[in-house]
Every structure is written in C-alpha cells, then in structure tokens.
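Hello,

Here is the structure we talked about, with the sequence alongside. Have a look at it, and then read my notes underneath.

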Amino acid sequence: RPEVKKYLQSGKNMIQVVFRSASKEAAKEAERQPLPIPGTPCNTIPNMNLIRKVQCHAGWDWGITLVVSGIYGDISLCGVEQASVEYVSAVQKHENGFCKVTACAEIKAVKKGKVAVTFEFNGEKIVKQVNADVGENQVKVEFQVKKPELWWPAGYGGQPLYPLTVSTADDAITRQIGLRTLVVVREKDEIGESFVIRVNGVDIFCKGANWIPADAMPERQTTAVYEQLLESARRANMNMLRIWGGGQYEKDAFYEICDRKGIMIWHDMMFSCALYPATPWFLANVKAEIVHQVKRLQHHPCLALWCGDNEVIGALNWYKDAKEKRGTYIVNYDRLNRMLGEVVEEYDPERLFWPSSPCGGPGQFNDGWHDDTQGDMHYWNVWHSHEPFDSYYKVRPRFCSEFGFQSLSSRSVFDTFATAADENVFAPVMDHHQKCVHGNVNTISMFARYFRMPEGFDNFLYLSQAQQALAIKTAVEYWRASRPRCMGTIFWQLNDNWPVASWASVEYGGHWKQLQYHARRFFNPAAVFMIQKDGEVEIWAVNDHNYSLDFSITAQICDFSGNEVQRFEMKSRIAAGCSKKLKSLKIGKLDKAANELFMVVDTVVGGETLRNTHFFANYKACDLAKANVRAEVNGKTVTLSTDKPAFFVTLETPGIPGILSDNSQTLLPGEKLTLTLDTDAPVDKLGKVLTVKHLRETYN
C-alpha cells in the first residue's frame with residue numbers, strides 16, 4: 001500500500017504498473033551474486049531462485065512452465081484523512097475457563113494527532129484514543145471471554161469464530177478469531193524426540209496432503225475453486241494441509257475457508273529445492289515479504305506452524321558447489337533461515353518456527369529422508385528408489401510431511417487435452433502431460449511387481465490410480481497404527497494446477513481419483529487396518545477421537561469365487577487417541593494357499609460401517625474370478641451387485657461432475673452397494689454415461 005498522494009494532481013491521473021521479464025531479471029541477478037547459487041532442476045528456466053517469484057511458475061515435475069505476470073489481487077485508490085488500519089492480530093491466553101484476547105492493531109497515520117480506534121469483539125466495544133505519530137502506530141486492548149467456545153480441527157469438534165473489528169474514521173478491518181490453544185510438543189524419549197500437534201490439550205493425529213497453487217493461471221484461482229478443493233479435503237477426513245514452499249502465500253479467502261472447515265495449515269515459506277542468496281539486498285527484500293505475510297496471517301486459527309522452506313537443508317547436499325564448499329553454503333543458508341525465524345519470533349511468537357521440511361529441529365542438519373527418530377520426514381524410497389510398497393514398513397516417522405506415488409489422469413481429464421489418436425501412454429501429448437522424467441517407467445515397473453499388465457488404454461489409466469491408492473494406503477495404515485510414535489501423515493499431494501500425470505488425489509477440475517476415496521476411508525477417525533509383515537497379518541483398530549469407542553468387527557476370509565472359508569468376529573473398546581492390535585493371523589496356517597484367499601473386514605463403529613480389504617499375496621498371483629458387476633441407476637443413486645468378488649470397483653460419470661458417497665470398493669456376491677452422486681449437474685443421462693470398472697476386467 002504505497003503512499004501516492006504527493007504524486008496526484010487535480011484532474012486526470014494515471015497509475016502505471018510495469019512488469020519486467022522474470023527470466024531476464026533472474027539472469028541479471030545471477031551476474032550480481034558473489035558466489036554460485038544453484039537452482040533446482042525442476043525449473044526449466046534458470047536462476048528463478050534468485051528472484052521472489054513463485055518457484056513452480058518455471059516448471060516442476062508435475063507443473064507446466066508458465067511464467068505468468070500480472071496484478072495478483074484487487075487494485076484500488078483509497079483516500080485517508082487521518083489513519084488507516086494496516087494489520088490486526090490477536091494473542092490468546094486460556095486459563096480456568098476464561099480466555100484473555102489481546103487485540104493489536106497497526107494504525108498508519110498520515111498526520112500527527114489524536115486518532116480514535118474502535119475495537120469490537122464478543123459483544124463488547126472499546127474506543128481507544130491514541131496520540132498517533134506519522135507512520136505506524138501499535139494499539140492494543142484486552143477482552144475477557146468467559147467460557148469460550150473453542151475452535152477445533154476437523155473431526156475433533158466445531159469451528160466457532162468470533163468477529164474482531166478494528167476501525168478508525170477512515171478505515172476498518174474485520175477478522176474472524178478462533179479461540180484455541182495450539183502447541184507443537186517436542187519431548188525427548190527413548191526413540192529420539194516427539195513431534196505432536198496438541199490443540200486444546202488434545203494430541204491431534206494430523207491427516208492430510210500437500211497443497212500446491214490451485215491453477216497455473218492465477219486468474220483461475222478463485223474462491224469457488226478454493227471452496228471445492230478444501231471441501232474435498234474435509235470430506236476425505238483431512239484435518240491438515242501443508243502449503244508447499246515452491247508455491248505461494250494464498251489469498252485471504254483460502255485461509256478463511258480453512259478456518260471454517262477446521263483444516264490446519266503447515267505453512268512453508270516460499271523457498272524450495274534450491275539454494276538461495278544471502279546478499280543484503282536479497283535479505284531486505286525477503287524480510288519485507290515475510291513481515292507482511294506473518295502479520296497478515298497471524299490471526300488465523302487454522303495456522304499451525306511456520307516452516308522456513310521445503311528441502312533446502314537437503315539441497316545443501318545435492319549441488320556440486322555446496323558440497324565442495326559446505327561451510328560457506330551452510331553460513332549462507334543460516335543467514336536467510338535465521339532471519340526468517342527472527343521475523344516469526346517478533347511478529348508471531350506464539351507459533352513454532354520450524355527451520356526446514358524435513359529436518360530434526362532448530363540447529364539440526366540431519367537426513368530427514370531417512371531419519372525417523374525426530375522431527376518431520378519426507379519418505380520417497382518407494383517412488384524415487386523403486387522400492388516395494390512394504391518398504392513403508394521400514395520406517396515409523398514421528399511426522400511424515402511428504403510421501404507419494406504417481407498415477408495418470410482419469411479418462412474424463414484425458415479427454416480435456418487429448419483425442420482418441422493419443423491413447424498411448426507414450427504419445428507426444430501424453431509425454432507433454434507427464435513432467436516427471438521417469439514417471440511412466442515407475443508406474444509400469446510397479447505394475448510388474450503387483451499386477452498383471454492391463455489391456456487397453458482406459459484400463460491402463462484406471463489401474464495406475466488403483467495402484468496409487470494402494471501405495472498410499474499401505475503407508476498411512478501402518479503409520480496410523482504406530483501412533484503415538486507417529487502423529488502425522490501428509491501425503492504428496494492434494495491437487496493439480498493443470499491436467500497432468502501426478503501424485504495428486506484430486507485432479508485438475510476437482511475430479512476425485514481413487515486415492516481420494518481411499519483416503520476418506522484410511523483417514524477416517526475410527527478405522528481398522530490389516531498390516532502384513534514377517535509372515536503374519538496384524539489387525540489393528542485406531543481411534544483418533546477424544547473419547548472411547550466400541551468396535552464391532554466381522555472378518556470374512558474367502559476364496560476368489562466368493563466362498564467363505566473362515567469367519568471370525570471381535571468386539572473391542574478402544575480408548576481415546578489410541579491404536580490397538582486386536583489379532584494376528586499366520587499366513588502359513590490359512591486353510592488355503594495365500595494366493596487363493598482374501599479377507600474383508602467390516603467394522604461397525606460410531607454408528608457407521610467401514611470396510612477394508614486385504615490380499616495375502618500379490619494381486620498378480622491371484623486368479624480372480626470374472627465378475628459380472630451390475631449397476632442400477634435411479635436418479636442420483638447407483639446400486640451395484642455382483643456374482644463374483646470384485647475389487648477396486650470404481651464408477652466414473654463422464655460429463656457429470658460430482659463426488660460419490662464411496663468408490664474403488666470391494667463388492668461381494670449377494671451384496672448390494674448403493675452409492676449416491678453429490679452433484680448440481682443434471683443426472684438424466686447418468687445411466688447412459690456411467691462406466692463401472694474393477695480389477696479383473698483390466699486384463700484377459
């Protein structure tokens with residue numbers, strides 16, 4: 001908000017905004033640097049790390065290179081006679097059923113003198129007369145709230161918000177305040193050090209995904225798109241998103257929606273996968289940026305912590321210059337990172353500043369890709385190192401803030417950028433929409449490990465999404481069963497910024513991949529998981545609620561014709577915030593060979609019925625029966641039935657956008673599964689466009 005009064009004249013005035021070429025400015029900055037500053041190979045345009053520009057605008061391994069320029073938000077010319085309200089923050093102190101809220105306003109006065117500043121909160125109005133100096137002035141008042149209604153993360157309670165309005169004669173700002181305590185508990189233990197988000201005294205298991213910019217074209221990053229994507233996160237039982245450091249600080253509407261939906265935010269600052277300058281002019285520019293963002297966002301209850309960057313500590317080990325002169329580059333990194341932490345300490349001292357993701361904490365330069373004893377972890381061995389899914393069992397992170405597995409687009413998204421002539425995974429247009437160099441190779445090589453090769457392009461797309469869901473399900477179920485050692489699973493990634501093969505669970509345009517439906521089940525606050533290792537299958541119950549729950553479990557072990565071989569039932573009361581092993585089955589003692597059987601576990605808990613399925617052997621080793629899955633359509637509902645067991649049964653509704661009540665599910669003979677499509681679109685053609693796929697029909 002620059003002051004322009006001295007430039008204005010009576011009559012017509014013109015404000016001109018000049019945008020310089022980002023790539024040319026980056027090249028100029030490279031010439032100014034006192035030492036080489038390596039950038040990420042994810043960028044197709046060099047030196048983007050040297051300027052303050054959204055890093056993924058220069059391309060990423062899921063993103064198009066589109067170096068956009070323009071005015072990010074609204075623009076207006078505002079007149080001020082006396083003082084404007086620049087920022088409003090709130091600090092809370094909870095004690096004995098009371099909450100003391102200290103509201104702080106930053107007032108910018110254009111002339112010296114008395115300014116009346118009005119604060120309104122919780123039905124109370126306080127007018128404070130301030131002897132203002134020209135420029136910035138801090139004004140504080142205190143409010144007492146008796147028996148405050150507490151703000152909770154999704155799944156733990158409601159999200160009441162208290163309006164706080166600060167006004168002068170010239171200006172006013174209203175902020176929505178959620179009353180809650182939030183601390184990150186880091187305590188030494190026999191393993192290393194814990195990493196637990198504790199809200200209102202309750203330890204929260206953080207469940208969610210990483211967030212990237214919602215669209216490669218900023219003008220399409222609308223409030224409606226935010227609402228759609230964040231509602232998809234909430235519906236999938238997510239309570240946290242991590243705003244990734246190669247993206248952007250989002251618009252106010254994003255955080256306001258997260259406040260309403262109870263979605264906590266792990267907030268990276270915007271540095272990712274590269275090294276960065278520490279010259280005086282770069283640090284001064286960054287400091288102004290960070291001060292503004294911290295002041296702007298401090299009041300949001302959804303904001304859980306600030307993180308200095310994404311993988312920049314790790315990047316110190318990636319580049320030749322940094323490896324050869326490690327001491328120089330560590331000092332260079334520390335200058336920037338220390339400044340970021342100091343800004344948070346000054347303007348938002350109630351929140352944790354976490355130096356980098358992943359890391360072990362302040363002053364720790366540990367290997368956050370392999371060290372699972374402390375801090376947060378990025379675990380990429382399965383995708384990038386081609387390890388099997390059970391490699392997730394090799395680690396039990398304290399908090400895993402990145403892990404992922406890629407899949408291709410669904411057919412409905414493919415049809416938005418390609419034609420029937422492009423129905424080959426290696427066709428040029430498909431290669432263009434696959435930005436990970438080894439993406440298709442990884443997908444196909446994992447097919448070879450777990451599945452029989454699909455026949456036909458549509459089956460290839462479908463199976464890639466089933467495989468992706470299986471990968472992430474394997475990790476999340478094991479790590480959730482490991483609570484309280486592990487207290488967070490944030491997979492890569494929630495969304496796409498254009499139609500592309502990627503790690504996203506929600507495709508560009510809002511369509512749910514199979515992974516998102518599985519996430520709704522494996523992130524359910526109460527769930528039952530099957531974990532197979534060391535020749536046994538362990539059955540675990542997990543209860544994330546802050547109250548105890550009774551689990552009623554029925555397990556069926558069947559052959560692939562649908563004949564029940566064994567059945568057992570269990571009842572167990574699971575305490576609040578606990579996981580518990582209920583039973584172990586020895587693979588060698590099953591009634592038939594492992595590749596002839598599967599297990600379905602149905603659980604009644606908290607008034608809902610949950611289903612989970614387990615194969616004792618790789619899918620490719622099992623001779624699945626040819627199932628005839630039938631679908632009956634009635635308005636927005638589809639009722640499914642089958643004559644043989646069918647797995648990853650997935651409905652697609654091309655041309656009719658919406659979210660199904662369930663999908664990618666197991667269906668047994670004699671059952672009827674009724675699914676409802678939540679859509680505002682006409683459904684008169686649903687019966688004609690509906691497609692139903694399941695695993696067995698992907699190959700002959």
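Below is what I found, grouped by topic.

Please keep in mind as you read that this is a predicted model.

**Two open sheets**

Let me begin with the sheets. One open sheet has 4 strands in the order β6-β5-β8-β9, and the pairing is antiparallel. Its edge strands are β6 (124–132) and β9 (172–177), each of which pairs on one side only. On average, neighbouring strands here are turned by 20° against each other, direction ignored. Inside this sheet, strand β5 (residues 113–121) and strand β8 (residues 162–167) run antiparallel and are joined by 4 bridges. If you want a residue pair to click on, Glu-120 has Thr-165 in β8 as its bridge partner.

Further along the chain you will find an open sheet with the order β24-β23-β26-β27, again made of 4 strands with antiparallel pairing. The edges are taken by β24 (564–574) and β27 (608–615); each has a single partner strand, so one side of each has no neighbour in the sheet. From one strand to the next, the twist averages 15°. Strand β26 (residues 597–605) pairs with β27 in the antiparallel sense over 8 bridges, and Val-601 has Asn-612 in β27 as its bridge partner. As a general reminder, it is backbone hydrogen bonds that pair the strands of a sheet, either parallel or antiparallel.

**A hairpin**

Strand β28 (residues 629–634) and strand β29 (residues 637–642) pair in the antiparallel sense over 6 bridges. Together β28 and β29 form a hairpin with 2 residues between them. Gly-635, in the turn, has a positive phi of about 65°. Across the hairpin, Arg-630 stands opposite Ser-641 in β29.

**A buried helix and the aromatic pairs**

How many of the residues of helix α13 are buried? The count is 9 of the 9 residues in α13 (residues 514–522), so this helix is largely enclosed by the rest of the structure. The buried residues of α13 include charged and polar names such as Gln-514, Gln-516, Arg-520 and Arg-521, and Leu-515, Ala-519 and Phe-522 are buried too.The model holds 42 aromatic pairs. In one of them, the ring centres of Phe-389 and Tyr-450 are 4.4 Å apart and the planes stand at 10°; planes under 30 degrees apart count as stacked, so this pair is stacked. Phe-389 sits in the loop between α8 (381–384) and β19 (400–402), while Tyr-450 belongs to helix α11 (residues 439–450), so the pair ties together parts that are 61 residues apart in sequence. Both Phe-389 and Tyr-450 are buried.

Another pair involves α13. Trp-512 and Tyr-517 have their ring centres 4.8 Å apart and their planes at 55°, so the pair is tilted. Trp-512 and Tyr-517 are both buried, and Tyr-517 is one of the residues of α13.

There is also an aromatic cluster, formed by Phe-451, Phe-560, Phe-598, Phe-615, Tyr-619, Phe-647 and Phe-648.

**Backbone details to check**

Most residues other than glycine have a negative phi, and most peptide bonds are trans. With that in mind, here are some places to look at:

- The peptide bond from Arg-483 to Pro-484 is cis, with omega near 15°. Pro-484 is in the loop between α12 (457–481) and β20 (488–491).
- From Trp-492 to Gln-493 the peptide bond is cis, with omega near 5°. Gln-493 is in the loop between β20 and α13.
- Asn-237 is not a glycine, yet its phi is positive, near 65°. You can find Asn-237 in the loop between α2 (223–235) and β14 (240–243).
- Phe-648 is not a glycine either, and has a positive phi of about 50°. Phe-648 is in strand β30 (residues 646–652) and belongs to the aromatic cluster. With a relative accessible area of 8%, Phe-648 is buried.

**A nonpolar patch on the surface**

Finally, a look at the outside. Leu-8, Ile-15, Val-17, Phe-19, Ile-71, Ile-75 and Leu-77 form a nonpolar surface patch, with about 680 Å² of accessible area together. Is Ile-71, one of these residues, buried, exposed or partly exposed? Its relative accessibility is 46%, so Ile-71 counts as partly exposed. Ile-71 is found in the loop between β2 (63–65) and β3 (83–95).

Happy browsing, and best wishes!

Methods: Residues are numbered from 1 along each chain as its sequence is written. This is a predicted model: local features need pLDDT of at least 70, side-chain atom pairs count only at pLDDT 80 or more; totals for chains, interfaces and linings use all residues. Side-chain values use heavy atoms; hydrogens and water are left out. Patches are made of residues with over 30% relative accessible area and no salt bridge: like charges are joined within 9 Å, nonpolar side chains (Val, Leu, Ile, Met, Phe, Trp, Tyr) within 5 Å. Accessible areas come from the Shrake-Rupley method with a 1.4 Å probe; for residues, only the protein chains shown count as cover. A salt bridge is a side-chain nitrogen of Lys or Arg within 4 Å of a carboxyl oxygen of Asp or Glu. Buried means under 20% relative accessible area, exposed over 50%, partly exposed in between (1.4 Å probe, protein chains only). Two strands pair if DSSP finds at least two bridges between them. Axes are lines fitted to C-alpha atoms, for helices over the stretch in contact, and angles run from 0 to 180 degrees between N-to-C directions. Rings of Phe, Tyr and Trp (its six-membered ring) pair if their centres lie within 6.5 Å; planes under 30 degrees apart count as stacked, over 60 as edge-to-face and the rest as tilted.
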